[in-house]
Amino acid sequence: MDLQNKVAIVTGGSRGIGLAVVEAFLKEGATVVLCGSRKETAQQAVDGIKAKDPKAKVEGICPNLSDYASVKEAFDSVAKKYGKIDVLVNNAGVSENTPFLNYTEEVFERVMDLNVKGVYNCSKAVSDYMVKQGNGCILNVSSMVSRYGQPAGIAYPTSKFAVNGFTLSLARELAPKGVRVNAVAPGVTETDMVKALPQQVIEPLINSIPLHRIGKPEDIANALVFLASEKASYITGVVLSVDGLART
């Protein structure tokens, strides 16, 4: 299996794309620590996984990703327990669609605190371990809106554009130390939020995608499995679009 004996931390791992990533990593042989926003949601995800596979090597934690001290304490405990951290998947994030004329500083800061500062905090907390090991992999979840924008909710595409820049820059800095840094940019994906959209909204979205379907969380998870594996050992500083679109 591609991730045999790897120890991975997945933020936002209790549902949606994050949960699909956790399950895919477990299937490939990794030990996975998933981060939830609350202790209850993290444990619920762990219980759901273990109900299907009692031998699954998974546990849950719930640090405040916007607070470096909280992240460092939680990740230090993971490193102490398992002796290493091989992979970090920065998946946790929040989206919103407030029109710009109605924007407040609080709305903007809430999105940036998790989507950007959270990525920084988690990456900083694992980088010391990875550099000491001489290897490791940091994977960030961006979005197609980092390339194309969106009609409202300016903070979300802004935060994901920042994630792209963070990915490219950190990849350059950590590559000589044996640490790879990449990102995936999902397109429209079948999460709870998308499932709740009315059919008249969904159909034009599907018609705009050359593959004529919305992405599944597993599509994103499969890309992250590849980037975390040794099959991608010569790939760093890439923002991989996983959106079903054809490009020229």
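In the predicted model, G136, I138 and N140 point to one side of strand 5, whereas C137, L139 and V141 point to the other, and all of these residues are buried. This arrangement can be read against the general pattern that, in a regular strand, side chains alternate between the two faces of the sheet. Because 6 of the 6 residues of strand 5 (residues 136-141) are buried, the strand is largely enclosed by the rest of the structure.

Strand 5 pairs with strand 4 (residues 87-90) in the parallel sense over 4 bridges, and I138 of strand 5 is the bridge partner of L88. Between strand 4 and strand 5 the chain passes through helix 4 (residues 105-133), and the resulting β-α-β crossover is right-handed. Strand 5 also runs parallel to strand 6 (residues 179-186), to which it is joined by 6 bridges, with C137 standing opposite R180 of strand 6.

As for aromatic contacts, the count comes to 1 aromatic pair, formed by F100 and Y103, whose rings are tilted, with 6.2 Å from centre to centre and 35° between the planes. F100 is exposed, with a relative accessible area of 61%, whereas Y103, at 16% relative accessibility, counts as buried.

The second largest pocket holds about 220 Å³ of space and is lined by 13 residues, among which E23, L26, K27, D53 and A56 lie nearest its centre. Helix 1 (16-27) and helix 2 (39-52) each supply at least two residues of this lining, and the largest share, 3 residues, comes from helix 1. By class, the lining of the second largest pocket comprises 5 nonpolar, 2 polar and 6 charged residues.

Terms used
Residues are numbered from 1 along each chain as its sequence is written. This is a predicted model: local features need pLDDT of at least 70, side-chain atom pairs count only at pLDDT 80 or more; totals for chains, interfaces and linings use all residues. Side-chain values use heavy atoms; hydrogens and water are left out. On a 1 Å grid over the protein atoms alone, a cavity is a set of points where a 1.4 Å probe fits but cannot get out, and a pocket is an open set with protein on both sides within 12 Å along at least five of seven lines; lining residues have an atom within 4 Å of a point. Grid points are joined across faces, edges and corners, and a volume is the space filled by probe spheres set on the points. Ala, Val, Leu, Ile, Met, Phe, Trp, Tyr, Cys and Pro count as nonpolar, Asp, Glu, Lys and Arg as charged, and the others, Gly among them, as polar. Rings of Phe, Tyr and Trp (its six-membered ring) pair if their centres lie within 6.5 Å; planes under 30 degrees apart count as stacked, over 60 as edge-to-face and the rest as tilted. Buried means under 20% relative accessible area, exposed over 50%, partly exposed in between (1.4 Å probe, protein chains only). Two strands pair if DSSP finds at least two bridges between them. A crossover is right-handed if, with the strands pointing away from the viewer, the path from the first strand over the helix to the second runs clockwise.
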